[in-house]
Amino acid sequence: MSSTGAPAWFHLFLDVPRERWEEAVGFWSAATGWAISPPRGEDGQFVTLVPQTGDSWLKMQALDDGEPRIHVDLDAADREEAVERSVSHGATPAWTYDGVPVMRSPGGMLFCHTVGEESQPRFARSEPERVLDQVCIDIPRSRWDQEVAFWAAVTGRTPEPAKTPEFVRLADPDPHGGLRILLQRLEDEDGEVGAHPDVAVANRASETCRHEALGADTVGVFEWWTVMRAPYGQIYCLTDRDPVTGRVA
């Protein structure tokens, strides 16, 4: 991207209550098949799940309190410009952690501005059976138009229709890029914007059984996705999408 304030890379963070930390890290490593990095941070509260090829983008953070949640980090070469860019589109500062600005979208979704340069190659989509490749941002109806416009502007990605009208995907300009972004319009009229991770799977039925064997529960089965609950409470979805292309099967 030409602007230094535009994100060069995205990271998905799974934020986990500390008392369920080891269980959660073990679950996601087994579910994705990705290795666990050495812990980082003053209390060992950060780890990265490292794919077999390419750059990593799935990370985990231990929380001292609160419920499981999701946030995203937006890497940019010029963090100051990136903050100005997001504020101009309606973001508000939440707090600062170790020099990292933590922000909220207009609807309350947490994200961070981090520093990172664009490089190649990034992430090779080479896992044909499954890959946790997408964050789905869950948006109440009253906030829909504002949040779609916000995330399109902040990410620099173009909104595109998805398979059904309650979804919009933000087009990834790089077919070998990392995190995909999907926006979902909820039935709820009001409330705070949240998010959940999506796993693209080649065989949803068999993958559901595999996740249940790892301790997850099935919450609901729909036309092209299954809602799951991880052992520590995080909601996520198994989706009928090609793990390489990300497209709905």
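Is Ser29 buried or exposed? With a relative accessible area of 16%, Ser29 is buried. The close-ups below come from a predicted model, and we start with this serine.

**View 1. Ser29 and its surroundings in helix H1.** Ser29 is part of helix H1. Its relative accessible area of 16% falls under the 20% cut-off, so the residue counts as buried. Leaving out residues up to four places away in sequence, Ser29 touches Trp34, Ile36 and Leu49.

**View 2. Trp28 in the largest nonpolar core.** Here we move to the residue just before Ser29 in the numbering. The largest nonpolar core is made up of 52 residues, and Trp28 and Met60 are those with the most contacts inside it. If you set aside residues up to four places away in sequence, the neighbours that Trp28 touches are Leu14, Gly33, Leu49, Met60, Leu132, Pro197, Ala230, Tyr232 and Tyr236. Another core, of seven residues, lies apart from this one; Cys136, Leu182, Trp224 and Trp225 are among its members. As a reminder, nonpolar side chains tend to be buried together in soluble globular proteins.

**View 3. Helix H1 against helix H4.** Now for a pair of helices: H1 spans residues 21-32 and H4 spans residues 204-213. Their axes come within 10 Å and cross at roughly 155 degrees. Because this angle is over 145 degrees, H1 is roughly antiparallel to H4. The crossing of the two helices is right-handed. On the H1 side, the contact is made by Phe27, Ala30 and Ala31, while H4 contributes Glu207, Arg210 and His211. Sorted by class, the contact of H1 with H4 holds three nonpolar residues, one polar and two charged.

**View 4. Asp98 in the loop between strands E6 and E7.** This loop links strand E6 (92-97) to strand E7 (100-104), and Asp98 sits in it. Take a look at the backbone: phi of Asp98 is near 50 degrees, a positive value in a residue other than glycine. Asp98 has a relative accessible area of 71%, over the 50% cut-off, and is therefore exposed.

**View 5. Leu186 in the loop between strands E12 and E13.** Leu186 is found between strand E12 (180-185) and strand E13 (194-201). At 22% relative accessibility, this leucine counts as partly exposed. Not counting neighbours within four places in sequence, Leu186 is in contact with Asp138, Ile139, Pro140 and Arg141. Trp144 is worth finding here too: Leu186 and Trp144 are 42 residues apart in sequence, and their C-alpha atoms are 8.7 Å apart in space.

Terms used. Predicted model: local features only at pLDDT ≥ 70, side-chain atom pairs only at ≥ 80, totals over all residues. Heavy atoms only, no water. Core = buried A, V, L, I, M, F, W, Y, C linked by side-chain atoms within 4.5 Å. Buried < 20%, exposed > 50% of the residue type's maximum accessible area, 1.4 Å probe, protein only. Contact = heavy atoms within 4.5 Å. Axes fitted to C-alpha atoms, helices over the stretch in contact; angles between N-to-C directions. Helix = DSSP H or I, 4+ residues; strand = E, 2+ residues; numbered from the N terminus. Parallel < 35°, antiparallel > 145°, perpendicular 65-115°, else oblique. Left-handed = near helix turned anticlockwise from the far one by under 90°. Nonpolar A, V, L, I, M, F, W, Y, C, P; charged D, E, K, R; others polar.
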